[in-house]
Amino acid sequence: VVIDKDHPLAGKKQYELADFVNEVILIPDRLESPTYMDRLSERFCEAGLDVPEFQQVQDVGTMALWLEAGYGISLLNERHILYNNKSLLFIKVPKIRDLPEVVVWKKGTMNSNVSIFLHELKEWFGINE
């Protein structure tokens, strides 16, 4: 979970999913990651909690600004570019593991590594096409 360093939850030692029920959760555009909100909602329902409010964000820059302003939280991993943002705090919440990763590249790219990557990814997920 990514929060602003001044967020009221920033000083906690351990976090539970219930800590984030009343937060606005910033999510990527559903067209880019259609299952993200569904899987996250399932995590809250499985824990017997109300599903929080979701707000779609157009791009990573907007997400960074909204997080820094304290308007919501987001769910990203330590490999995300925002990890280096000194205004944000990345915290681990065990019940929110294994959410889908998002991989993006320019449409029509000539980079041959994209097709190799897609082949490996499909193989890893067991997708036969």
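Good morning. Helices and strands in this talk are runs assigned by DSSP, numbered from the N terminus. With that definition, histidine 80 can be placed in the loop between strand 4 and strand 5. Histidine 80 is partly exposed, with a relative accessible area of 24%. In space, its C-alpha lies 9.8 Å from the C-alpha of valine 60, although 20 residues separate the two in sequence.

Please keep in mind that the model before you is predicted. The average pLDDT of the protein is 80, and 87% of the residues score at least 70. Where is the confidence lowest, and where is it highest? The lowest mean, 76, belongs to helix 3, residues 112-125, while the highest, 89, belongs to strand 1. As a general caution, predicted coordinates should not be read in detail where pLDDT is low.

Let me turn to the overall arrangement. The protein contains 3 helices and 5 strands. Read along the sequence, these elements follow the pattern β-β-α-β-α-β-β-α. Of its 129 residues, 34% count as buried. Consider also the contacts between residues at least 6 apart in sequence: 62% of them join residues at least 24 apart.

I begin the details with strand 2, residues 24-28. Why can strand 2 be called largely enclosed by the rest of the structure? The reason is that 4 of its 5 residues are buried. Strand 2 pairs with strand 3, residues 53-57, in the parallel sense over 5 bridges. Within that pairing, isoleucine 27 has glutamine 56 of strand 3 as its bridge partner. Strand 2 also runs parallel to strand 4, residues 73-74, to which 2 bridges join it. There, isoleucine 25 is partnered by isoleucine 73 of strand 4.

Next, helix 2, which spans residues 60-68. At its start, a side-chain oxygen of aspartate 59 comes to within 3.1 Å of the backbone nitrogen of glycine 61. Which residues of helix 2 are buried? They are Thr62, Met63, Ala64 and Leu67. The cover over these buried residues includes strand 1, strand 2, strand 3, strand 4 and strand 5. After helix 2 comes glycine 70, whose phi is positive, near 80 degrees.

Strand 1 deserves a closer look, for it holds aspartate 4. This aspartate 4 is buried, yet it has no salt bridge. How far away is the nearest side chain of opposite charge? That side chain is lysine 5, at 8.9 Å. A salt bridge requires the nitrogen and the oxygen to lie within 4 Å of each other, and the distance from aspartate 4 to lysine 5 is 8.9 Å. What, then, is aspartate 4 in contact with, leaving aside its neighbours within four places in sequence? Its contacts are Ala10, Leu67, Glu68, Ser87 and Leu88. Leu67 has already appeared among the buried residues of helix 2.

The structure does hold 1 salt bridge. In it, the side chains of aspartate 19 and lysine 12 meet at 3.0 Å, N to O. Are these two residues buried or partly exposed? Aspartate 19 is partly exposed, with a relative accessible area of 22%, and lysine 12 is likewise partly exposed, at 34%.

Helix 1, residues 36-46, offers another buried position, serine 41. Its relative accessible area is 16%, and buried means under 20%, so serine 41 counts as buried. Not counting residues up to four places away in sequence, serine 41 touches Val51 and Phe54.

I close with two exposed residues in loops. Asparagine 22 sits in the loop between strand 1 and strand 2. It is exposed, with a relative accessible area of 77%. Between the C-alpha atoms of asparagine 22 and aspartate 50 there are 8.8 Å, while 28 residues separate the pair in sequence. Proline 94 lies in the loop between strand 5 and helix 3. Proline 94 is exposed as well, with a relative accessible area of 60%. In sequence, proline 94 and glutamate 16 are 78 residues apart; in space, their C-alpha atoms are 7.5 Å apart.

Thank you for your attention.

Definitions and conventions: Residues numbered from 1 in each chain as written. Heavy atoms only, no water. Buried < 20%, exposed > 50% of the residue type's maximum accessible area, 1.4 Å probe, protein only. Pairing = 2+ DSSP bridges. Contact = heavy atoms within 4.5 Å. Polar contact = N/O pair within 3.5 Å; in protein donor to acceptor, adjacent residues only side chain to side chain. pLDDT = per-residue confidence, 0-100. Lys, Arg positive; Asp, Glu negative; His and termini not counted.
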